[in-house]
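Student: Got a minute? I'd like to go through this structure with you.
Tutor: Sure, let's look at it together.
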Amino acid sequence: MPLLGAKLSDKETDDWEDSEVGMRLKFDVLGGQGTVNGFYGFQDLPIGVNTGATVHIGTFIGDPNAAGVVNVPIDLPTTIGAMNAPGQYVDFIQSLAAGTAAPGDFPLIPFGCLDILDPAAGGVPCSITTDFDLDYTLRQKTVGFSFTRDMTEFRFGRKDVSPVLRLEAAYEFDKPFNKGVIQNPFVPGRVTVGTPALITTRDDTIARRDQLSVLVGFDYNFWVPGWESQRSSIFMTTQFFEIHTEDADGLLFQAPYALTNVEENQEFITQTYTKGFLNDKVTLDGLAIWDMDKGSVAIRQRIDFSVGGGNWKPRIEVGYFSGKDEQGLLGLYNKSDYVEFSLTYQF
């Protein structure tokens, strides 16, 4: 990308004392089995934290290794001022995109840089790369419960099969999010929105919110009506997810990859099925996910074969994703459809 880029570096912990711990208490209750669970560990997904930037004098595309390029590191306070202060780099790029930039507006001219709207004035190409830590060191503090019960009171289908009910809930304390809206540090009452809001201090970019997740699921063996020659059932699982995030306004779903806002309430439905054919020499295994809020859909279909006495296991897998770019969990993979072939030998 011309003029402005980003460099991402993983920040993880390897210290022995920074370990994770979990507990699970299992018991019989209400004709089923329940658990109470707790976990204290680290977040699975990172938080983006701006640590500074580098001005590249001699290239428009942020290439620090290009011939003749001089790389000038700038610290975080200087980065915040150079990027978000009125009339500085972000304002210039936005006005350039809108067609309202004018010669002399380019804020890197003091570095001897070329004013891209006035090439005759001389200078060299310049660009900026902002530096971000993808911080995996933030803690996760979660408690929850689960309940599973065979619903023998309800039987249906040709085989009088009863479903299994599963209930799960998890409550996470102080889950960290990147903010997508911050107060502009230079103009009182003005807010900075979207990607520029990530160019700020660690304390200002992180918001902590409690989050409640609930799952209701049913497992059942389905016998197709009218299919008299059906030799085995189709094992199916239907699940509904509800995720509630308190005070979600202005939080980013997953910076820096998905800059859409977190919804206060998110709903998902998933459906799986598994069915063997030809004496289980061919097995169809499917998964469908529907993001009810964003209207996104994902489908994963596997076809497993068992040949050579069961030692050879070829597989064909197809993945399909449909959603608006960067909108929620599934929108991240909107252009990631795939077909995969694999061959496993088991001995």
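Tutor: One thing up front: this is a predicted model. Start with contacts between residues at least 6 apart in sequence: 59% of them in the protein chain join residues at least 24 apart.
Student: OK. How many helices and strands are in the protein chain?
Tutor: There are 4 helices and 19 strands.
Student: And what radius of gyration does the protein chain have?
Tutor: It has 27 Å. A compact globule of 347 residues would be near 20 Å. The C-alpha atoms fill a box of roughly 85 × 45 × 45 Å along the principal axes.
Student: What percentage of the residues are buried?
Tutor: Buried residues make up 39% of the 347.
Student: Now the inside. Which residues touch the most other members in the largest nonpolar core?
Tutor: That core has 22 residues, and Met-83, Tyr-89, Phe-106, Leu-108 and Ile-128 touch the most other members. Strand 4 (47-57), helix 2 (89-98) and strand 6 (126-135) each supply at least two of its residues. Helix 2 gives the largest share, 4 residues.
Student: Pick Leu-108. What does Leu-108 touch?
Tutor: Leaving out residues up to four places away in sequence, Leu-108 touches Val-55, Tyr-89, Cys-113, Cys-126, Ser-127 and Ile-128.
Student: Is there a second core, and which residues are in it?
Tutor: Another core, of 5 residues, lies apart from the largest one. Its members include Phe-177, Ala-207, Ala-248 and Val-262.
Student: Switching to charges: how many are positive and how many negative?
Tutor: The protein chain has 27 positive and 46 negative charges. Their mean positions are 10 Å apart.

Methods:
Residues numbered from 1 in each chain as written. Predicted model: local features only at pLDDT ≥ 70, side-chain atom pairs only at ≥ 80, totals over all residues. Heavy atoms only, no water. Core = buried A, V, L, I, M, F, W, Y, C linked by side-chain atoms within 4.5 Å. Buried < 20%, exposed > 50% of the residue type's maximum accessible area, 1.4 Å probe, protein only. Contact = heavy atoms within 4.5 Å. Rg over C-alpha atoms; globule rule 2.2 N^0.38 Å. Lys, Arg positive; Asp, Glu negative; His and termini not counted. Charge placed at Lys NZ, Arg CZ, Asp CG, Glu CD.
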